[in-house]
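I set out to record what I looked up in this structure, entry by entry. The notes move from one local feature to the next and end with the overall dimensions.

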Amino acid sequence: MTNNQKDINYLLIDGTSYLYRSYYSFPFLNNKIGIPSGAIYGVINMLNKLLFKYPKTQIIIVFDSPFKTFRHKLFKFYKSNRPIMPIKLQVQIKPLHQIIKMMGFPIVLIPHFEADDIIGTLSCEANNNNKFTLISTNDKDLAQLVNTNINILENKSNKILGKKEIISKYGITPELIPDLLGLMGDKSDNIPGVPKIGKKIALFLLREFKSLKNIYKNIEKIPKCLFRGAKNITESLIKNESLAFLSKNLATIKTDILTNISINKLKMSKPSIYRLSHLFKYYEFHNWSKLLEKGKWTIHENYLKK
């Protein structure tokens, strides 16, 4: 983990998590003609704080694709438990993307891929070039990417999580998080996991056998383990082996999306002050409009002298 902001080369934003968090934080915010603006306001507010805190870091915003992904082909019920996006949120997405671009942030959205997989691919590219990346999110799945050059910036706590912090928070090393979810499942994404196995047993098995693969290689040893219901757990594991590995696959973030997009080419640009001013007035973000008029809008440090 780094405490030196000069060492942070990239800050990858899980834009979809920002979007939902902002929408539910400001559900009733509208302009005078009733156009909803809470999600827009919340995301811009969070981005402004990051721009102020990390003025020398290349900040990139990544969003989920609205289309189904390869995970839906693997498991048709993937995320099927989630409600449809509210209309009042849907209508804010396009103008929010426009404003983010006007603020100078690059946006990445690839059809049929989740933001997690785009972030995984970009952060690993940076890692291969020995560059340090922070991932701003509250999504536990992204914790599996953590290593020496990739850390998590928690949205809620504003804490930076390295490998040590991930182990403390989840009870497992980052690379074993997909194995953990393969065993216990994940209700938020409707990943089934293995019936009868919760977090406590899943952690015990992974600490004992080191991986999901090794658990199955040593399946005959599990009935002898000192926890209640070991025999029933073994039977469930044997019966649901394919489900366990499917669940792990669903929880594993791709880091090799075939795309022409390179993190080195995703540069921030100078904000479009005039266009921002017009939209801020439309949505009645009065304080931000005043900052623009007074020339006090936060600008990425690379462009302060241009």
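Entry 1, the end of α12. I began with the backbone and found that E284 follows α12 and has a positive phi, near 65°. The model is a predicted one, so I kept to local features with pLDDT of at least 70.

Entry 2, the packing of α12. I asked which residues of α12 are buried. I noted L276, S277, L279 and F280. I then looked up what the buried residues of this helix pack against, and found α2, α4 (87-102) and α13.

Entry 3, aromatic pairs. How many aromatic pairs does the structure hold? I recorded 14. I took the pair of Y41 and F285 for inspection: the ring centres are 5.7 Å apart and the planes stand at 55°, so I entered the pair as tilted. An angle between 30 and 60 degrees is what places a pair in that class. In sequence the two residues are 244 apart, and the pair links distant parts of the chain. I located Y41 in helix α2 (residues 38-53) and F285 in the loop between α12 (273-282) and α13 (286-293).

I also checked the accessibility of both partners. Y41 has 25% relative accessibility and counts as partly exposed, whereas F285 is buried at a relative accessible area of 5%.

Entry 4, a second pair. For F280 and W288 I read a distance of 5.6 Å between the ring centres and an angle of 50° between the planes, so this pair is tilted as well. Are these two residues buried or exposed? F280 counts as buried, at 0% relative accessibility. W288 is also buried, with a relative accessible area of 9%.

Entry 5, the cluster. I followed the ring pairs and found that they link F26, Y41, F280, Y282, Y283, F285, W288 and W297 into a cluster. Both pairs of the preceding entries have their residues in this cluster.

Entry 6, a charge over a ring. I noted that K254 lies over the face of F70, at 5.5 Å from the ring centre.

Entry 7, T57. Where does T57 lie? I placed T57 in the loop between α2 and β2 (58-62). T57 is buried, its relative accessible area being 1%. A polar atom of its side chain lies 3.0 Å from the backbone oxygen of I8.

Entry 8, P86. I found P86 in the loop between α3 (70-74) and α4. P86 counts as partly exposed, at 23% relative accessibility. Setting aside neighbours within four places in sequence, I listed Y23 and Y24 as residues in contact with P86. I also looked up the separation of P86 from L291: 205 residues in sequence and 31 Å in space, C-alpha to C-alpha.

Entry 9, the whole protein. I counted 13 helices and 6 strands in the secondary structure. The C-alpha atoms fill a box of roughly 70 × 40 × 35 Å along the principal axes. The radius of gyration is 22 Å; a compact globule of 306 residues would have one near 19 Å, and the two values agree.

I recorded 50% of the 306 residues as buried. The exposed surface comes to about 16100 Å², of which carbon and sulfur atoms supply 54%. Among contacts between residues at least 6 apart in sequence, 70% join residues at least 24 apart.

Methods: Residues are numbered from 1 along each chain as its sequence is written. This is a predicted model: local features need pLDDT of at least 70, side-chain atom pairs count only at pLDDT 80 or more; totals for chains, interfaces and linings use all residues. Side-chain values use heavy atoms; hydrogens and water are left out. Rings of Phe, Tyr and Trp (its six-membered ring) pair if their centres lie within 6.5 Å; planes under 30 degrees apart count as stacked, over 60 as edge-to-face and the rest as tilted. Helices (H or I, at least four residues) and strands (E, at least two) are DSSP runs, numbered from the N terminus. Buried means under 20% relative accessible area, exposed over 50%, partly exposed in between (1.4 Å probe, protein chains only). A charge sits over a ring if NZ of Lys or CZ of Arg is within 6 Å of the ring centre and within 35 degrees of the ring normal. A polar contact is a pair of N or O atoms within 3.5 Å; within protein, one must be able to donate a hydrogen and the other to accept it, and residues adjacent in sequence count only if both atoms are side-chain atoms. The radius of gyration is taken over C-alpha atoms; the globule rule is 2.2 Å times the number of residues to the power 0.38. Contact means heavy atoms within 4.5 Å. Accessible areas come from the Shrake-Rupley method with a 1.4 Å probe; for residues, only the protein chains shown count as cover.
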